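Please look over the structure below with its charged side chains and one of its strands in mind. The report that follows takes up the salt bridges and then turns to the strand pairing.

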Amino acid sequence: MRRSLIFAALVAAGALAAGAVAWRRLRRDPTLPPARRPLDWDAFNRAYDRPLDPPSRPLRVFHLGHSLVGHDMPAMLAQLAGPGHRYESQIGRGTTLRAHWEDHIPIEGYAEDNAHDRFRPAKEALASGDYDAVILTERVEIRTSIEEEAGPAYLALWAGLARQGNPDVRVYLYETWHWLNDEGGWLVRLDRDLPRYWIGEMMRGAAAWQGGAPIYLIPAGQALARIARAAESGTVPGIRSREEFFARTANGDLDPIHIGDLGCFLVALTHHAVLYGVEPPGLMQEIRRADGTMADLPADLDRRALWLMIREVAGTLPETGLARN
């Protein structure tokens with residue numbers, strides 16, 4: 001489907017008056033909708049009054065994003081979900097939703113990071129109507145992606161395209177995290193950024209366009225924060241600190257943004273909690289990376305306790321679409 005038609009459909013059915021968000025450097029983008037004020041909070045919150053019905057069968061899922069999606073996390077999600085769960089993806093390195101949408105913007109690492117059998121071009125995939133769930137994420141720093149890269153508008157464009165392909169598709173925004181060494185404080189920012197940026201500007205902003213709502217939330221950052229607090233108080237067998245969620249560089253230094261095997265497992269578990277709402281049938285099975293090698297998880301990890309913590313987090317947020325705890 002031509003981008004001009006997608007844009008015209010979204011703009012023609014627009015829901016609110018043009019508003020006050022000023023995005024820089026974007027007027028050259030041919031499909032960028034005009035700025036709009038985010039949907040008012042009362043109208044936004046009403047979209048989440050009724051929880052979603054749990055899926056009756058395994059899902060086919062499309063992941064769109066960057067290296068905090070990666071290859072291993074979707075593969076772990078598929079293992080947790082069990083037979084029948086299928087997925088494809090398109091990712092880049094530090095890639096915004098805008099860069100994925102606009103053909104004139106190069107995507108760093110596109111050829112290398114999509115050279116696998118789960119790759120499918122995103123626009124073709126969403127327009128096909130093949131997917132039960134589409135999971136989108138925005139680049140961090142999230143503030144910059146909102147202010148300079150029109151994150152809410154492009155979230156709405158992607159959601160609209162998914163719904164044109166399949167009107168019954170469930171669209172999700174995957175909340176990630178910022179750098180572990182962020183000067184604002186890792187936990188402080190996770191607490192603050194969810195209502196302010198991920199929900200208050202990304203999701204509520206996308207809801208200003210036809211097709212941009214409802215978008216549901218996968219609160220991975222919140223799940224990591226909950227587990228980190230518990231681990232650092234000494235109550236999570238197998239985990240002692242937040243640093244254990246993150247990968248190591250080739251020389252053994254901590255990577256302060258990319259997650260390792262344990263982090264991927266926890267984020268995959270959060271995805272499963274929101275998508276399916278039930279304990280994963282593959283929770284106690286061996287978990288492997290996308291390349292088939294065994295994930296390095298602590299032997300004494302209490303997987304069911306982690307699942308319960310994550311389900312508790314997701315069940316307190318109506319934007320996930322889950323029934324309240």
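Arg192 and Asp193 form a salt bridge in which the closest N and O atoms are 3.5 Å apart, a salt bridge being a side-chain nitrogen of Lys or Arg within 4 Å of a carboxyl oxygen of Asp or Glu. Arg192 is partly exposed at 34% relative accessibility, whereas Asp193 is buried, with a relative accessible area of 3%; here buried means under 20% relative accessible area, exposed over 50%, and partly exposed in between, as found with a 1.4 Å probe on protein chains only. This is a predicted model, in which local features need pLDDT of at least 70 and side-chain atom pairs count only at pLDDT 80 or more, while totals for chains, interfaces and linings use all residues. Residues are numbered from 1 along each chain as its sequence is written, and side-chain values use heavy atoms, with hydrogens and water left out.

Arg192 and Asp193 also belong to a network of salt bridges that links them with Glu141, Arg143, Asp182 and Arg189. Within this network, the side chains of Glu141 and Arg143 meet in a salt bridge at 3.0 Å, N to O; Glu141 is partly exposed at 23% relative accessibility, and Arg143 is partly exposed as well, with a relative accessible area of 29%.

The structure holds 19 salt bridges, among them the three tabulated here.

| Salt bridge | Closest N and O atoms |
|---|---|
| Glu141 and Arg143 | 3.0 Å |
| Arg192 and Asp193 | 3.5 Å |
| Glu312 and Arg226 | 3.4 Å |

What does the salt bridge between Glu312 and Arg226 tie together? Glu312 forms its salt bridge with Arg226 at 3.4 Å between the closest N and O atoms. Glu312 lies in helix α12 (residues 303–315) and Arg226 in helix α10 (residues 220–232), so the pair ties together parts that are 86 residues apart in sequence. Helices are DSSP runs of H or I with at least four residues, strands are runs of E with at least two, and both are numbered from the N terminus. Glu312 is partly exposed at 38% relative accessibility, and Arg226 is likewise partly exposed at 31%.

In strand β3 (residues 133–136), Ala133 and Ile135 point one way and Val134 and Leu136 the other, and all are buried. In a regular strand the side chains alternate between the two faces of the sheet. Strand β3 runs parallel to strand β1 (residues 60–65), to which 4 bridges join it, and two strands pair if DSSP finds at least two bridges between them. Leu136 in β3 stands opposite Leu64. Strand β4 (residues 170–175) also runs parallel to β3 and is joined to β3 by 4 bridges, with Arg170 in β4 as the bridge partner of Ala133.
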